[in-house]
Amino acid sequence: MALLDRHIAFVEALRAAGLPVSLSEDLDAVEAVTQLGLADREALRAGLAATLVKREGHRTSFDALFDLWFPPLLGAGVGGHGAPPEDEDDRTAEQVAQVLRTEVEALRQELSQALQDEDADRLRELTQEAVGRFGAMPGRGQGLSSWSSYNALQRIDPDTVVLRLARALMAGSDDRRPLSEELAMRTATRRVEGWRRQVEGEVRRRVAEEKGAEHVARTTVRPSVDRIPFTAARRGEIEEMRRQIYPLARRLASRLAKEQHARRRGPLDFRRTVRASVSTGGVPLTTHHRPRRPHRTELVVLCDVSGSVANFAAFTLLLVYALQEQFSKVRAFTFVDDVAEVTGEFRAGADPEETLTRLTESARHASLWGRTDYGRALREFRSRFGDAVGPRSSLLVLGDARSNYTDPRLDVLRDLADRARHAWWLNPEATAQWDTGDSAASQYGEVVPMVECRNLAQLTAFVHDIV
Amino acid sequence: MTTWFDSPADAAKRLHDSGYLADTATATTAYLAGALEKPLLVEGPAGVGKTELAKAVARATGAELVRLQCYEGLDEARALYEWNYKKQLLRIQAAGDQSWEQTHDDIFTEEFLLTRPLLTAIRREEQTVLLVDEVDKTDVEVEGLLLEVLSDFQVTIPEMGTVSAVRRPFVVLTSNATRELSEAVKRRCLFLHLDYPDAAREKEIVVSQVPGVADRLAAELVETVARLRELELKKAPSIAESVDWARTLVALEVDDLDEEAVGATLGVVLKHASDQDKALAALRGHQAGARRR
Ligand SMILES: Nc1ncnc2c1ncn2[C@@H]1O[C@H](COP(=O)(O)OP(=O)(O)OP(=O)(O)O)[C@@H](O)[C@H]1O
Ligand SMILES: [Mg+2]
């Protein structure tokens, strides 16, 4: 592909992945490439990133796409690990499986050693090897076979490697001090996650080589963290999302403070203005205003914490509590088929991890039979905590409205909504899925306005609007 | 046209010589900012060397640094220019029976103009690095002003006419990302996200800034700091804190970072009591293990 065509296709792919690349930025990027040349791949990456990526959250997508359009090497790479050879001998299935097990085990061992040493070169080789040996998806005929990171990773089972690596880190080595269990687990998880991403990148690269980069970009590059659906996030992504919560809350809070500041410019303070004008010969160059009284909402959050939507509830609660000062009062309740109050479990600035653990525990208190039952939960909430909802409060219900075909008790929700000043329902499912199966989304949606809230971006927008 | 750096490698070398250890991305982006004459927006957590980068570019190129420190409530009068009203009023009172036209022409002249950093940087004829520090602290209106100034590097003063830059300054904007800057500003800038450096580079920074620190102690220190950053703390330790910590240890003549030393000096690195507790608990296992060896 000619260089300019490649560049255009690359920018197109960035746009398709949600990066808002303007024409002028595109031109800057061309200029940067002209200045830098193509010899140094990392400099090229840096130059393109500086001109095209203006938001750190987009960096992961950028890197994945950069690797596709400007791949470091061709074919099976250094180790020469192409697809495994067709089986020509007549070993029994059991023998083949045995060989495979030994190979997987050897790879795991080398992998955890390389991760322990943080040996980048060796890790790259092992990525090649893992994909080459275990990532092939056989297909009949030319162009139908492919590569899969799922295959490769499932064989290797990264969780085993995490545990093994953690153990090694806890033991320490000659030039490394032993780590505590907590630190060892964290470090191991992060390193293995990094390697997993390498494997995914390598698979994308190989598929791109066979089917074209556009194809891969369309089908496999994950969206940026704030667009990943709560209900489909992977473990590493959930971690990353959790880390985003506080910075997000901080940005949101300062934006709100500014807006309120502007809105709150009260009436003219005559005396202060006159006094200040003395220094300018009686000319009132600056005017002073009285502050306006702030008005704050009392928030009552009622969240479904059953398995399917627990992450969503957790993120929302973390965000709400990180913004606690924005509300005059926050009370939080969790439910599955029973209700528990969790207000005390949250403190502003509390450790998000601990909070999440406590929240998971609360799910036990919130469940009687363990099957989500919105009708029952609403009824229980009204009878035990009904006085939490009053004319000054805003009621926020979080959940997918999937109630196992039980009576939704719309009357109870209507009653609660009538008592509150405002009521909203946030649903983490895409609108297209509402009302499918056991979802009672539009029934509830008729009682209180229901808003689709699938990712951090939508969540932030919503929270901004209600404060 | 001025050239700032000849190549990314030249940028890396000259920044290094002036005490700033830049990685590939930083050196490349600094080079491009000079070559494309585009403002450079540097974003990242506190204490990773955003401000220092601007200062280092000035040192490395022999340019003068003009700094606009942003804060909430910063306005055009503080950022760009303002008329010296008091002086003007005095002049008007002293004008006697001079015609108003004459007085008007007199009081809107250089003599009564107070130039602020943005105008200063544009009017300078020598090499200049303009640092707009902590731009996320300002209000949106100031961003609009920056946008105007940084687009064509010219300023119109209604009473005096348009001032254009004779020589474009090298502009660095820094931000802690407490809020998202407007798309328009970002479009005009090159963007660099600075993060904590890897262990090797941080060690180099510590060693270069703290005379008398032993190599092994520096290595141990940056390793420990890296661990602390892995814990989710209220305020993760920055490079500045690593350097402070090394200075403290050298001053106390500590040469092994054992449990006692960490316990006694952790306050230099972590400012919140709850962070200290969390860190001590997490480090304890690793220190105990170390003693066993
Ligand atoms: N790459 C580097 N090389 C040498 N020293 C560095 C480097 N990065 C940071 N430092 C050191 O770290 C200190 C803190 O950096 P600086 O004040 O620039 O941080 P900052 O990112 O501007 O932080 P803040 O957001 O708090 O303003 C500097 O004074 C410098 O000593
Ligand atoms: Mg700074």
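A salt bridge is here a side-chain nitrogen of Lys or Arg within 4 Å of a carboxyl oxygen of Asp or Glu. The exercises below apply this and a few related criteria to a predicted model.

**Exercise 1. Decide whether A:R59 and A:D63 form a salt bridge, and describe where the pair sits.**

Solution. Begin with the distance: the side chains of A:R59 and A:D63 approach to 3.2 Å, N to O, and since the cut-off is 4 Å, the pair qualifies as a salt bridge. Next, place the two residues: both belong to helix α4 (residues 59–69) of chain A, where they are four residues apart, about one turn of the helix. An α-helix has 3.6 residues a turn, so residues three or four places apart point the same way. Then consider accessibility, for which partly exposed is the class between under 20% (buried) and over 50% (exposed). A:R59 counts as partly exposed because its relative accessibility is 25%, and A:D63 falls in that class because its value is 22%. Finally, look beyond the pair: A:R59 and A:D63 belong to a network of salt bridges that also takes in A:R41, A:E42, A:R45 and A:D67. Over all chains, the count by this rule is 52 salt bridges.

**Exercise 2. Work out which parts of chain A are tied together by the salt bridge between A:R133 and A:E103.**

Solution. The closest N and O atoms of A:R133 and A:E103 are 2.5 Å apart, and the two residues form a salt bridge. A:R133 lies in helix α6 (residues 120–134) of chain A, whereas A:E103 lies in helix α5 (residues 93–117) of chain A, so the pair ties together parts that are 30 residues apart in sequence. As for accessibility, A:R133 is partly exposed because its relative accessible area is 25%, and A:E103 is also classed as partly exposed because its relative accessibility is 28%.

**Exercise 3. Establish whether B:E82 and B:R116, which meet in a salt bridge, are buried or exposed.**

Solution. The contact itself is given by a distance of 2.6 Å, N to O, between the side chains of B:E82 and B:R116. The pair links distant parts of the chain, 34 residues apart, with B:E82 in strand β3 (residues 81–83) of chain B and B:R116 in the loop between β4 (113–115) and α7 (117–123) of chain B. Burial requires a relative accessible area under 20%. B:E82 is therefore buried, at 17% relative accessibility, and B:R116 is likewise buried because its value is 19%.

**Exercise 4. Locate the buried and exposed residues of helix α1 of chain B.**

Solution. Start with the buried residues of helix α1 (residues 8–17) of chain B, which are B:D10, B:A11 and B:L15. These residues cover an arc of only 125 degrees around the axis, so they stand on the same side of α1(B). Now turn to the face of α1(B) directed away from its buried side, which carries the exposed residues B:A9, B:K13 and B:D17.

**Exercise 5. Compile the surface patches of chain A that involve A:D175 and A:L4.**

Solution. A patch of negative charge is formed on the surface where A:D117, A:D119, A:D174 and A:D175 gather. Within this group, A:D175 is placed in the loop between α8 (158–171) and α9 (181–211) of chain A, and A:D175 counts as exposed because its relative accessibility is 63%. A nonpolar surface patch of about 250 Å² is made by A:L4, A:I8 and A:V30. Of these residues, A:L4 is located in helix α1 (residues 3–16) of chain A, and A:L4 is classed as exposed because its relative accessible area is 53%.

**Exercise 6. Describe the setting of B:F153 and B:A177, two residues with positive phi.**

Solution. B:F153 has a positive phi of about 50 degrees although it is not a glycine, and phi of B:A177, also a residue other than glycine, is near 60 degrees. B:F153 occurs in the loop between α8 (140–152) and β6 (154–157) of chain B, while B:A177 is found in the loop between β8 (170–175) and α9 (183–188) of chain B. B:F153 is buried because its relative accessible area is 3%, and B:A177 is buried because its value is 12%.

Definitions and conventions
Residues are numbered from 1 along each chain as its sequence is written. Chains are lettered from A and ligands numbered from 1 in the order in which they are written. This is a predicted model: local features need pLDDT of at least 70, side-chain atom pairs count only at pLDDT 80 or more; totals for chains, interfaces and linings use all residues. Side-chain values use heavy atoms; hydrogens and water are left out. Patches are made of residues with over 30% relative accessible area and no salt bridge: like charges are joined within 9 Å, nonpolar side chains (Val, Leu, Ile, Met, Phe, Trp, Tyr) within 5 Å. Accessible areas come from the Shrake-Rupley method with a 1.4 Å probe; for residues, only the protein chains shown count as cover. Lys and Arg count as positive and Asp and Glu as negative; His and the chain ends are not counted. The place of a charge is taken as NZ of Lys, CZ of Arg, CG of Asp or CD of Glu. Buried means under 20% relative accessible area, exposed over 50%, partly exposed in between (1.4 Å probe, protein chains only). The arc is that of the directions from the helix axis to the C-beta atoms.
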